[in-house]
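Subject: Handover of the model

Hi,

Here is the structure I said I would pass on. Please open it first, then read the notes below it.

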Amino acid sequence: MTTLPQSTGKKLGLVIDLDICVGCQSCATSCKEWNTGGYSAPLSDHDPYGGDPSGAWLNRIHSYEFDDGQQAKTVHFPRSCLHCEEPDCVTVCPTGASYKREEDGIVLVNPDTCIGCKLCSWACPYGAREYDYDDGVMKKCTLCVDRIYNETIPEEDRVPACVRSCPTGARAFGDLDDPTSDVSKSVIARGGFNLLDEFGYKPTNKYLPPRKAEVPAAPVERQPEQVAAPGNTAIEKLFSWVDKALS
Amino acid sequence: MHPAYSVIFFTTASGAGYGLLFWLSLAEAVGAMPGGRWLSFAIIAVALTLISLGLLSSTLHLGHPERAIGAFLQWRSSWLSREGVAAVLTYIPAGLLALMWLFNIESGLSSILAILSAVGAAVTVYCTGMIYGSLRTIRQWSHHLVPLIYLGFAAATGALLFGFSLAICVSLPMWTTLLILVTTVTAAVMKISYWKQVDADPGQYTREMALGMPHLGTARPLDPPHSRPNFVMREMGYSVARNHAEKLRTLTMVTLMGAPIVLTLLAMLIGLTGLWLALAVIAAGVGIVTERWLFFAEAEHVSQLYYGAARA
Amino acid sequence: MNIQQPKVETSAPVGDEVKQTTCYMCACRCGINVHLKDGKVRYIEGNRDHPVNKGVLCGKGASGIMQHYSPARLQSPMKRVGPRGSGQFEAISWEEALETATEWLGTVRKSDPKKLAFFTGRDQSQSLTGLWAMKYGTQNFAAHGGFCSVNMAAGGLYTFGGAFWEFGDPDWDYSKYFMLFGVAEDHASNPIKIGMGKLKNNGAKIVSINPVRTGYNAIADEWVGIRPGTDALFAGALIHELFRTQQVDLDYLIRYTNSPWLVIQDPGAADDGLFARDEDGNPLVWSRDAEGFASGKAGDLSASLTGSRTLADGRTARPVFELMAERYLDEEYSPVAVAEKTGIPADQISRIAAELAHVAFKEEIVIEREWTDAWGRKHDKLIGRPVSMHAMRGISAHSNGFQTCRMIHILQILLGSIDCPGGFRYKPPYPKQTPPNLLPHGAVQDIKPELPLGGPHLGFPHGPQHLLIDDDGNPSRIDKAFSWDAPMSSHGLMHMVINNAAKKDPYGIDVMFMYMANMAWNSSMNTPGTLDALTAKDENGEYVIPKIIYSDAYYSETVAFADLILPDTTYLERWDCISLLDRPISEAEMMADSIRHPVVEPDRDVRGFQTVLIDLGARLGLPGFTKDDGTPLYPGGYPDYIVNHERKPGIGPLAGWRGKDGETFGVGEPNQNQLDRYIENGAFFEHKIAPEHAYFRHANRGYIDWGIEKGIRMSPDPTIFQLYSEPVQRFRLAAQGHGDRQPPARAKDRIETHFDPLPFWYAPLEETMVDTNTFPLHAITQRPMHMYHSWGSQNAWLRQITAENRLYIHTDVGKSIGAKDDDWVWLSSHHGRIKCQVRLMDGVNPHTVWTWNAIGKRRGAWGLDDDAPESNRGFLLNHLISELLPEREGGYRYSNSDPITGQAAWFDLRVAIEKAEDGAGHTEPFYEPIGTGNQPASPEKLAYGKEFRKAKS
Ligand SMILES: Nc1nc2c(c(=O)[nH]1)N[C@H]1C(S)=C(S)[C@@H](COP(=O)(O)OP(=O)(O)OC[C@H]3O[C@@H](n4cnc5c(=O)[nH]c(N)nc54)[C@H](O)[C@@H]3O)O[C@H]1N2
Ligand SMILES: Nc1nc2c(c(=O)[nH]1)N[C@H]1C(S)=C(S)[C@@H](COP(=O)(O)OP(=O)(O)OC[C@H]3O[C@@H](n4cnc5c(=O)[nH]c(N)nc54)[C@H](O)[C@@H]3O)O[C@H]1N2
Ligand code: SF4
Ligand code: SF4
Ligand code: SF4
Ligand code: SF4
Ligand code: SF4
Ligand SMILES: [Mo]
């Protein structure tokens, strides 16, 4: 597979709901925990207890403030590989270690053949690939390929670690090629969008935008009943309403 | 982009080496090569040494140099792979030429080998340029002039080395002088025009596009995902202060463009060609490294939109 | 040259074993599946069957591997050999450690037990530690509640027998309108996240009231960026609007609250403001049916909410409802009047009130389901007011938090939304009585050598008669809890202990015994003063606090200041018991408790603290820990205790699988296989509440009777909501000069003002005592969701996420001082100043600055290098927060706490900000590193999991 597959059997990917993501980092640390012992083990850390700690992570959570001139809005923003349909991160790879799987569209790095030239990370506009200095190979989101088909774990757990752990339910996994899948439906229903669509890599992962607040049936202010109380004060009106209501 | 010294050394040394090989081969092919076989051999040896050192150094930044052989596999899609293949293929005619000179083998094949070497050199440098030129993630790189500038400076630094070699071993023919002047001026014009163009381009991608929600208004980063820089920030987020870059650009213009032209003219007009050209080689050496360093340091990667850049 | 797509091993077994236990990277106590491979932890995931987290994990829980293998783990018992704070220790054997502790503790117990102060921090075994302290006989015991959120616990328990604080949850399934007051993360970490996800997907509206817009507040549909300390004004204005627009649930008020109860109106009399009562002590209401007085406890549905009545003795009494209406309909609480102080526009307040009423009354939920109320009346449906609220430390960590919390509860109750479908729901064993029938023990007169306390330390005073004071009115306890300084301090005042002990105010102590509390750094107010107190020496050169015993699992800042270290295990290595006697893990629809059990063996010379405590109890010969013949009662340590201890006959630490063969639950004989049953069941026990017992549990006959049968409830009486709080009024009466226990002169005003039986707003105390022009800004902290106080920074993964903190300031504040992102500033309070870096944002109240809590670390601690960002650029606000308020007339300095409950007022802090030169590039104050004892060096790189990959190929 020198180049990208003509088409893939499925388009497996994630749908991330920015309307419910609270930025808790659960998906980031679950990802790290699963993957440091999984397909691309390890995800090394440098200076872990020192002045400049850093390491390879496959999923990172940003937060941004948006300002539309009225009120600032904070958005938590998880970011991992989007398993693009036409990404150069695969085609630039000189070794073929970076490839897109024919059967499900997952973009993977083969840790046994990667030479660590980093070119694929240069070709990714999303900053989704992270080089493991210790291991000398490129690491990236595997869509938890070693979970989603794993027959040694219960069927309901055959989802990516990040999806499995997300406490708010902001992450969903499925086939975005199948219009009947839950993920495809939520993308339609909620106006799911691509990151940096203009770039043309055709990401598979989709993001759902923050919803506009729906005020429950814009309430009409209730007009207090007028009463023939001496002062017609709010208190008198209240008491008279109470008496009437209870009698 | 992070300016990795191994990569800077690789592209500059192998660029000059391929340039030198290119001019030597052309001179040989058209029969314009002065001096005897030893001179030709010496020059091709220098060229191949520069090329080999460059290629070797490029493996230094690999995580797994021992697997480098795998890099030849994907020539259908990968410019890096193509470059590797071209480089290896170029070794064949160039190596044979060198052997013929070394063992004084006279053969009509030599001009064919020379032409193949020249083509190989040009193709390899073009591939190097296209490794960068094909990356749409970096607007300073995906520019159409990038492979041409790689070719241009390979030609200019190669010509300078070629001229210098002739000057110290035999004498500097006028066509070589002109070659140096023409290639240097061409490369300089391309580079300056490139700078003008990339400076005028604010970048077509914005942070809001990267986040995909322009309707929410302007965005700015609040908390980064990690306190300390990660790989993506170190590799792709390297940036150089504007005024520092200006100074380095001036240095590039002086050492890589101005000095070789002036010194070559001096050589042409005053004599003492060996001395002037030696100075020109030194100046251009400083210049090309500076130019290449800047090529990386000034390159802005789209991924940095997630880490605070407003445009890329 | 086409190469084949590689074959990927997609079905590799995760590990060779899975063990289920309970997470303890925070107090949420989620169920976890720990996958082990070759004896090492391969992966930790949430237990799908667990009542708390239902399979999910938080950011901390999912990085448990790095917590468990932290290089900061203590290695063995140690005794201090250098000066306190030097971190010079000598490793000793457990035998030596236990003998030393026994000797120190035994000496005190034989002479003057109060000279032991035993305080525990993030303790999840309080029913054991409390019992131990009781049997030891010191009155000086508490856990962290007093500096944490006692305002929420007390505010709720005195009002409706539950509390926001862990004792209840919004009805995430049915709620349509959710208001979140002052919460960044909370103890119910995963349940809140699961719940908010549900609300969003159900289309409910979320309104957040918080000066800062991050985390939960970021996803709220409406953000109310309130000015800190003014929530009671906001809630009061909502109540004002509900009354003004006549939208309150009258039926609910009559059924379940004391709003019809008649309050004596006789200013100056000793019973003014108390309920009018009949001979049996029942509060009186006016019955419209009987056209006369009736008992407020009889459930008379015709009880009148309005009308002054003349009592038999000729005095007047008015129903609570009228007093409430008067209070909140006053102009003082009108939206227009509160708009400026709260920073919330009046029309927004009115709109929110209208929305609340709309959802509560126009979108009510009706569930057809039979149930019987406390008075035996059958109902065929459940009426839900789908408005729910939750509040935590944004309310509680202010000195007006108790009253503010009560105000929010009143708002909920007026809307009829406590324990109804869609409202706020109790978690068993709640509700309790209002207030719970649990009184504090430990008056100094009752403390005798070698004599246990007469009852538990902490409780809920009903009036001055229950204070723990001596005959002169002085505090009995070292933290002055249950004294006139903080009469209703139901959780003690942990934040005062060290400083009081060092000042010998009210008296000195001999041994300070602490467990799991990082008091030498991020959990004390006035960190510098606390460090001085820990190292203060008397005229003989002896430490004023002579002996400090401390149990920690990690090399925290506090370790360096202790004399004897009892190293604990990590949460994967020990037995624990999360008991219904303590802080339950129940959810609204189920009663539940759980355990931890060792899933990996310790590789160090460490022991579970509870086992150590039980051992010490036996060595000291404490009743309850020794048999009659003096031998240990629980030779098997904590697991033995968990199974065999009985609080009352049949009631023990665990409710599940009781009875000889585990055939029953709640009440039953000890079952020797109980722990195995727990382990088989995933380390927890749950019992689903019967559907007819699921709502209105304050007055649900079935639930109440079932609760008594199962040992979680004492009284068959319903819990009647105390909108008007008589215990509070009793303290006020004392301040007005009534009764035989009256506050000292200096406290009279303070008590009279703050002990208002109806919630009201008053300005947080610090801002009434400092010049607010000099200190114009409020300074608060928030918990990062991925860090637990100080523990997170030793975690190699979590600390990459946040290794240093910034002070977040509004862009306008940034402009006014000319500061951009990352610039250094000086932040000063009346107490001190710190230097830190800023980050600008818009989603913050413009008068407020804030930072992430507990990121700043002291050099030398936690296995971190001296150049760690945490100790160079990370900082704490604690250096600015005084544990004492400025002097009042007369020179007395009160604790910087709520005057009612003693809750630490962390968020009352007022500050000034100015730009600073970056200078040395590090924070100030910048302490010398503490020594690192015998701790092993931390590794320079990590490639955790590499070994698993090798195993694969
Ligand atoms: N991840 C994590 N979880 C934890 C902890 C932890 O350290 N880390 N700690 C645990 C502990 S001990 C506790 S007590 C709980 C506490 O949990 P929370 O109650 O969530 O405590 P804080 O993080 O202090 O959040 C207080 C919130 O109140 C806001 N606030 C401050 N002042 C005001 C005010 O006057 N009005 C309003 N409306 N809001 C205000 C702040 O902006 C902040 O958002 O969390 C527990 N859970
Ligand atoms: N400025 C500011 N300060 C605050 C707050 C705030 O909001 N703002 N919040 C306050 C609140 S609500 C609280 S509850 C306190 C919390 O303060 P603390 O209760 O002191 O919490 P930690 O800092 O987590 O310290 C707990 C100690 O327990 C140790 N420990 C961890 N695991 C174990 C174990 O398994 N066994 C043993 N024996 N020890 C263990 C840790 O190493 C640490 O030293 O902080 C308070 N401080
Ligand atoms: S997100 Fe980046 S790494 Fe992933 S497929 Fe797209 S381009 Fe490649
Ligand atoms: S780093 Fe590895 S995967 Fe990426 S381009 Fe180079 S060889 Fe391919
Ligand atoms: S799918 Fe797997 S590898 Fe990708 S971000 Fe989620 S947990 Fe990480
Ligand atoms: S786990 Fe879910 S809520 Fe938490 S940061 Fe990730 S996507 Fe957001
Ligand atoms: S909320 Fe997180 S850290 Fe706390 S117990 Fe649950 S999983 Fe563990
Ligand atoms: Mo707390």
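**Backbone points in chain C**

Pro925(C) sits in the loop between β32 (910-915) and β33 of chain C. The bond that links Glu924(C) to Pro925(C) is a cis peptide, with omega at about -5 degrees. Bear in mind that this is a predicted model.

A cis peptide bond also joins Thr434(C) and Pro435(C). There omega is about -15 degrees. Pro435(C) lies in the loop between β20 (424-426) and α15 (494-503) of chain C.

Next, a phi value to look at. Asp186(C) is not a glycine, yet its phi is positive, near 75 degrees. The residue belongs to the loop between β9 (177-181) and α6 of chain C. As background, most residues other than glycine have a negative phi, and most peptide bonds are trans.

Glu291(C) also has a positive phi, near 50 degrees. Its setting is the hairpin of β13(C) and β14(C), with four residues between the strands. Strand β13 (residues 284-287) and strand β14 (residues 292-295) of chain C pair antiparallel, over four bridges. Within that pairing, Val285(C) has Ala294(C) as its bridge partner.

**Chain C against chain A**

How many residues of chain C are in contact with chain A? The count is 100, and they meet 92 residues of chain A. The size of an interface is often given as the accessible area lost when the parts come together. Chain C and chain A bury about 8000 Å² between them. Carbon and sulfur atoms hold 55% of that area. On the side of chain C, Gln5(C), Gln246(C) and Arg949(C) lose the most area to chain A. Together these three make up 10% of what that side buries.

Now the polar part. Seven salt bridges cross the interface of chain C and chain A. One of them pairs Lys200(C) with Asp19(A). The closest N and O atoms of that pair are 3.2 Å apart. In addition, 43 residue pairs are in polar contact across this interface, both residues being at pLDDT 80 or more.

Which helix gives the largest share of the side of chain C that touches chain A? It is α6 (residues 189-201) of chain C, with seven residues. By class, that side of chain C has 48 nonpolar, 28 polar and 24 charged residues.

The two chains also share a strand pairing. Strand β2 (residues 45-46) of chain A and strand β33 (residues 941-942) of chain C run antiparallel, joined by two bridges. Asp45(A) has Leu942(C) as its bridge partner in β33(C). Recall β33 from the start: the loop with Pro925(C) lies between β32 and β33 of chain C.

**Chain C against chain B**

Here 17 residues of chain C are in contact with 13 residues of chain B. The buried area is about 1200 Å², with 46% of it on carbon and sulfur atoms. The interface has one salt bridge. Asp223(B) and Arg839(C) form a salt bridge, with the closest N and O atoms 2.8 Å apart. Nine residue pairs are in polar contact across the interface, both residues being at pLDDT 80 or more.

On the side of chain C that touches chain B, α24 (798-801) and β30 (833-841) of chain C each supply at least two residues. β30(C) gives the most to that side, with three residues. By class, the side divides into nine nonpolar, five polar and three charged residues.

**Two ligand sites**

Ligand 5 has a shell from chain A. Among the residues around it are Cys31(A), Cys141(A), Cys144(A) and Cys162(A). Asn35(A), Asn59(A), Ser80(A) and Thr142(A) are in the shell too. So are Leu143(A), Pro160(A) and Ala161(A). The elements that give two or more residues to this shell are α1 (26-36) and α5 (161-165) of chain A. What classes make up the shell around ligand 5? Seven residues are nonpolar, four are polar and none is charged.

Ligand 6 is surrounded by 13 residues. The closest are Cys21(A), Cys24(A), Cys27(A), Cys166(A) and Thr168(A). The shell around ligand 6 has eight nonpolar, four polar and one charged residues.

Best wishes

Methods: Residues are numbered from 1 along each chain as its sequence is written. Chains are lettered from A and ligands numbered from 1 in the order in which they are written. This is a predicted model: local features need pLDDT of at least 70, side-chain atom pairs count only at pLDDT 80 or more; totals for chains, interfaces and linings use all residues. Side-chain values use heavy atoms; hydrogens and water are left out. Contact means heavy atoms within 4.5 Å. Buried area is the accessible area (1.4 Å probe) that two parts lose on being put together, summed over both. A salt bridge is a side-chain nitrogen of Lys or Arg within 4 Å of a carboxyl oxygen of Asp or Glu. A polar contact is a pair of N or O atoms within 3.5 Å; within protein, one must be able to donate a hydrogen and the other to accept it, and residues adjacent in sequence count only if both atoms are side-chain atoms. Ala, Val, Leu, Ile, Met, Phe, Trp, Tyr, Cys and Pro count as nonpolar, Asp, Glu, Lys and Arg as charged, and the others, Gly among them, as polar. Two strands pair if DSSP finds at least two bridges between them. A residue is near a molecule or strand if one of its heavy atoms lies within 4 Å of it.
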